[in-house]
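Here are my notes on this one, in the order I'd look at things. Have the viewer open as you go through the points.

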Amino acid sequence: MNFKFEKKYLYWGITAFLVLVGAILFYYLLFHRSNFMGGLSQLITIAMPIIDGFVLAYLITPILNKIEKKLIIPIYNKAGIPMTPKTRRRIRGISILATLALIFLILYEIFALILPEIVRSIQSIIFQFPIYVNNLSNWALLLLKDNPDLEATVDALISQYSAKVLEYVNTNLLPHINELLKTVSLSVIGVFKALWNLIIGFIISIYLLGSKEKFAGQAKKIVYAVLDRKAGNEMISNFRFIHSTFIGFIGGKIVDSILIGILCFVCTSIIGTPYAILVSMIIGVTNVIPFFGPWIGGIPSALLVLMVDPKQALYFGILIIFIQQFDGNILGPKILGDSTGLSGFWVIFAITIFGGLFGVLGMVVGVPIFAVFYAGVKSVVNRKLQKKNLPTDLSPYMTLGQIEESMAFTEYVPPAKKRAKNKPARPADPTGDAPKET
């Protein structure tokens, strides 16, 4: 008997094997999740220098492209040097050096000019903190002197919570000072380890920047080898959309935050706000977080200014409201445009969910991640609607009641209006007299 091999049996076997593997993985994740998460965390820790290198290369790439295309290549073209592979490698090396020199120059200016002022401001706050607290207490009591009952209540609350803080320090903090020192020591070790990973990642990023076209070509080669042409084109198009969304939002947000920090420093210096550099740095850094960033940075900064000078705190609060309105309505849209395509509600939704899952990093990258997910769902929905010969525009569905068999859209009518429309006509006069004509 001749046995004829058919490919469908092979496909069935592969499918059954994959289903079995998926079931085993699901069972392991469900009942051994702690072991899986521990292994995943250890793998991420080992691969952190490589991850840092990819992140640094990704963030530096737009600057490198601008310098290479706008500065280095035009110089070579004017000199009439032919674009051989060796020349292109030389151009890439010069562009990388110029990019790194620019980044190091900016970092040097930040550390040389801004960081010492921030350190002095923090030292001044620590040394004069009791004076600031006393000033704030006297100012509050001065406001409450016309209301003795309220003054007594506030004074009692301050005394009560001061006693609780003192009790906490004596009973909880001081007996566990050794554990606290151990935690601080581990944190310092963690900081040094993170810096070491960052240094290794920086070296890896240079290699990635030098051969980024080669790595991109290898990735495309794998995509077209695994998938058919149509699916490969779609995947590459999706990756380009993801890249444009991420780099457009994150890069634009960084530029926007730098400009907001500079504007805040100029305005606070003009009105005489205490610790102008420190509060401007806080405002600029927290402005990277969409929507909630201005409040996260503005409220602590206002409280800091309030302890020094309550009148300046009022001016500072008005200034921050003005700056944030300017950023949200003029500067931000000019720089970012519609890079995410999300409404205000979905921005808040993304920040809340990703911030709760991943902290501050989730608040920063949550919006572009959700924008990609939102665009993917929208693309799938529009594709399915097109297959059914239905419109993809949103406006016809906003007042839609139902779609008839003839593909006609009927408007939704509330039940009350429907009953009024279908109400029977008024019965005729029982006397049989016709209405008189006038």
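1. Start with the pocket lining. Helix 3 (48-79), helix 4 (85-143), helix 6 (177-210), helix 8 and helix 9 each give at least two residues to the lining of the largest pocket. Helix 8 supplies the largest share, 10 residues. Helices here are DSSP runs of H or I with at least four residues, numbered from the N terminus.

2. The volume of that largest pocket comes out at about 2,000 Å³. Its lining has 38 residues, and those closest to the centre are I106, L107, I110, I254 and I258. For the settings: a pocket is an open set of points on a 1 Å grid over the protein atoms alone, where a 1.4 Å probe fits, with protein on both sides within 12 Å along at least five of seven lines; lining residues have an atom within 4 Å of a point. Points are joined across faces, edges and corners, and the volume is the space filled by probe spheres set on them.

3. Keep the provenance in mind: this is a predicted model, where local features need pLDDT of at least 70 and side-chain atom pairs count only at pLDDT 80 or more, while totals for chains, interfaces and linings use all residues. Residues are numbered from 1 along each chain as its sequence is written, and side-chain values use heavy atoms, with hydrogens and water left out.

4. On confidence, mean pLDDT (the predictor's confidence in each residue, from 0 to 100) is 78 for the protein, and 78% of residues reach 70 or more. Among the elements, helix 7 (residues 212-226) has the highest mean, 90, and helix 14 (residues 415-421) the lowest, 57. Over residues 434-438 pLDDT stays under 50, and the model has 0 contacts (heavy atoms within 4.5 Å) for them beyond four places in sequence. Where pLDDT is low, predicted coordinates should not be read in detail.

5. Have a look at D327, in helix 11 (residues 310-336). D327 is buried (under 20% relative accessible area, 1.4 Å probe, protein chains only) but has no salt bridge (a Lys or Arg side-chain nitrogen within 4 Å of an Asp or Glu carboxyl oxygen); K253, the nearest side chain of opposite charge, is 4.7 Å away. Beyond four places in sequence, D327 touches D256, I260, N287, G332 and P333.

6. Two non-glycine residues have positive phi: Y275 at about 55° and N389 at about 60°. Y275 lies in the loop between helix 8 (229-271) and helix 9 (276-286), and is buried at 14% relative accessible area. N389, in the loop between helix 12 (344-387) and helix 13 (395-398), is exposed (over 50%) at 65%.

Terms used. Lys, Arg positive; Asp, Glu negative; His and termini not counted.
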